[in-house]
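Dear colleague,

I am handing over the structure below, together with an account of what was found in it. Please have it open while you read.

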Amino acid sequence: MSGSKYLRWILLACVVTVLACDRDKDAAQGQSAPPVTPADTSLPTLSFPPDSGGVPAFDANRAMQYVKEIVALGPRPIGSANHKKVEDYITGHLKGDSVEDDAFVADTVEGKFPVRNIIAKFPGNKDGIIVIASHYDTNYPLRNTSFIGANDGAATSALLLEFANQLRGSKREGYSVWLLWTDAEEAMKSWSDSDSLYGTRHLAQKWQQDGTAKRIKAFLLTDMLGDADLDIDRDMNSTQWVESVVYEAATRLGYQSHFFAHSNAISDDHLPFMRIAVPCADIIDIDYGYNNVFHHTVQDTVDKLSTKSLEISGTVVLETVRILDKMEPLPPK
Ligand SMILES: [Zn+2]
């Protein structure tokens with residue numbers, strides 16, 4: 001995602017929710033980047049279902065093993081042999097599942113490249129879809145370095161593989177869940193609206209045209225969630241009621257201290273879906289190392305991650321799905 005994420009939103013944070021208001025204390029540090037208008041600052045009254053009291057099943061050790069196996073493939077930028085290997089790695093773990101591709105050739109600022117979004121579908125008995133997404137490509141400008149994106153790409157791609165383990169087997173009591181490994185999230189040269197999010201811009205257009213977008217109840221984007229020092233900001237570029245469901249899930253599991261101490265405005269794979277009115281939450285820890293020093297550097301390695309952070313992230317996402325399944329009614333789009 002983009003480097004303009006450090007925008008702080010003292011005023012909007014206060015308007016949106018008292019949750020964020022008094023905690024947004026570094027909002028006044030004088031960021032010079034131009035303001036971005038948040039797509040949705042309204043917060044409807046939400047009626048949450050009773051707390052089930054249980055913790056969703058999630059094997060964080062297995063997820064960490066997946067992270068290690070993915071980074072062992074090496075740098076995985078689009079167009080590379082290693083990119084093909086990670087595609088095969090992901091689909092190899094989805095044998096027997098209902099898997100679809102959204103494959104196309106992207107015309108990028110560095111030329112034409114094959115791009116492949118991978119979608120695994122787990123049907124439910126309720127009408128509607130919850131999408132959980134993570135990008136799996138690694139940063140293209142760093143392609144000739146040892147950058148392996150342990151946190152930026154591998155960690156949440158591994159989370160989704162473990163979600164698949166938990167979802168397969170029987171029809172869900174709830175919405176259908178689609179796991180989406182997105183491709184070509186990273187900028188090829190430097191981040192802009194036209195140089196970034198190649199995969200999700202294509203998929204959002206396709207899903208708008210074929211009617212899928214209307215059926216999506218929530219789009220949960222995961223990114224950089226393996227950081228051992230896990231601190232996830234409330235994203236003001238997301239749909240605020242979906243963010244609030246994530247916070248409710250974190251609170252139910254006792255993990256709320258890792259969530260929403262600050263607000264931020266993130267440019268990431270959710271934006272193409274926000275633009276077509278799909279309710280989204282970008283769940284991302286953009287503070288990776290002191291002053292984000294590990295982000296997009298060769299220091300983004302497995303030793304900076306923790307199994308506990310994968311467990312927190314994984315269970316909170318699954319609890320979010322569990323709450324969404326039972327929320328009646330969901331807020332209007
Ligand atoms: Zn990145």
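**The sheet and what lies on it**

S1 and S2 pair in the antiparallel sense over 11 bridges, and the connection between S1 and S2 is a hairpin of 2 residues. Within this pairing, Thr 108 has Gly 111 in S2 as its bridge partner. Please keep in mind throughout that this is a predicted model.

These two strands belong to an open sheet of 6 strands, ordered S1-S2-S4-S3-S5-S8, in which the pairing is mixed. Strand S1 (98-108) and strand S8 (280-284) are the edge strands, each of them pairing on one side only, and from one strand to the next the twist averages 20°. Strand S2 (residues 111-122) also runs antiparallel to strand S4 (residues 172-182), to which 5 bridges join it. In that pairing Ala 120 has Leu 179 in S4 as its bridge partner, while Ile 119 stands opposite Leu 180 in S4. As a general point, side chains in a regular strand alternate between the two faces of the sheet.

Two helices lie across S1, S2 and S4: helix H4, which runs at about 10° to S2, and helix H6 (residues 198-209), which runs at about 115° to S1.

**Helix H3**

Helix H3 (residues 60-71) has 12 residues, which at 1.5 Å a residue should span 16 Å, and the 17 Å between its end C-alpha atoms agrees with that expectation. Which residues of H3 are buried? They are Ala 60, Ala 63, Met 64, Tyr 66, Val 67, Ile 70 and Val 71. Seen down the axis of H3, these buried residues fall within an arc of 155°, so they line one face of the helix. Their cover includes helix H4 (81-92), helix H5 (150-167) and helix H10 (307-326).

**The chain as a whole and its core**

The protein chain has 10 helices and 8 strands, and 50% of its 333 residues count as buried. Among contacts between residues at least 6 apart in sequence, 81% join residues that are at least 24 apart.

The largest nonpolar core has 90 residues, and those with the most contacts inside it are Val 67, Ile 130, Val 131, Ile 132, Ala 155, Phe 219 and Leu 220. Helix H5 gives the largest share of this core, 9 residues. Val 67 is also one of the buried residues of H3. Val 131, leaving aside its neighbours within four places in sequence, is in contact with Trp 178, Leu 180, Ile 216, Phe 219 and Leu 220. In soluble globular proteins, nonpolar side chains tend to be buried together.

**Backbone details to look at**

Most residues other than glycine have a negative phi, and most peptide bonds are trans. Against that background, three places deserve a look.

- Ala 184, in the loop between S4 and H6, has a positive phi near 55° although it is a residue other than glycine. Ala 184 counts as buried because 30 other C-beta atoms lie within 10 Å, where the cut-off is 20 or more.
- His 296, in the loop between S8 and H10, likewise is not a glycine and has a positive phi of about 55°. His 296 is partly exposed, with 18 other C-beta atoms within 10 Å.
- The peptide bond from Glu 328 to Pro 329 is cis, with omega near -10°, and Pro 329 is placed in the segment after H10.

With best regards

Conventions. Residues are numbered from 1 along each chain as its sequence is written. This is a predicted model: local features need pLDDT of at least 70, side-chain atom pairs count only at pLDDT 80 or more; totals for chains, interfaces and linings use all residues. Helices (H or I, at least four residues) and strands (E, at least two) are DSSP runs, numbered from the N terminus. The expected span of a helix is 1.5 Å times one less than its number of residues. A residue is buried if 20 or more other C-beta atoms lie within 10 Å of its own, exposed if 12 or fewer, and partly exposed in between; C-beta atoms are placed from the backbone. The arc is that of the directions from the helix axis to the C-beta atoms. Two residues are in contact if their C-beta atoms, placed from the backbone, lie within 7 Å. Two strands pair if DSSP finds at least two bridges between them. Axes are lines fitted to C-alpha atoms, for helices over the stretch in contact, and angles run from 0 to 180 degrees between N-to-C directions. A nonpolar core is a set of buried Ala, Val, Leu, Ile, Met, Phe, Trp, Tyr and Cys residues joined through C-beta atoms within 7 Å.
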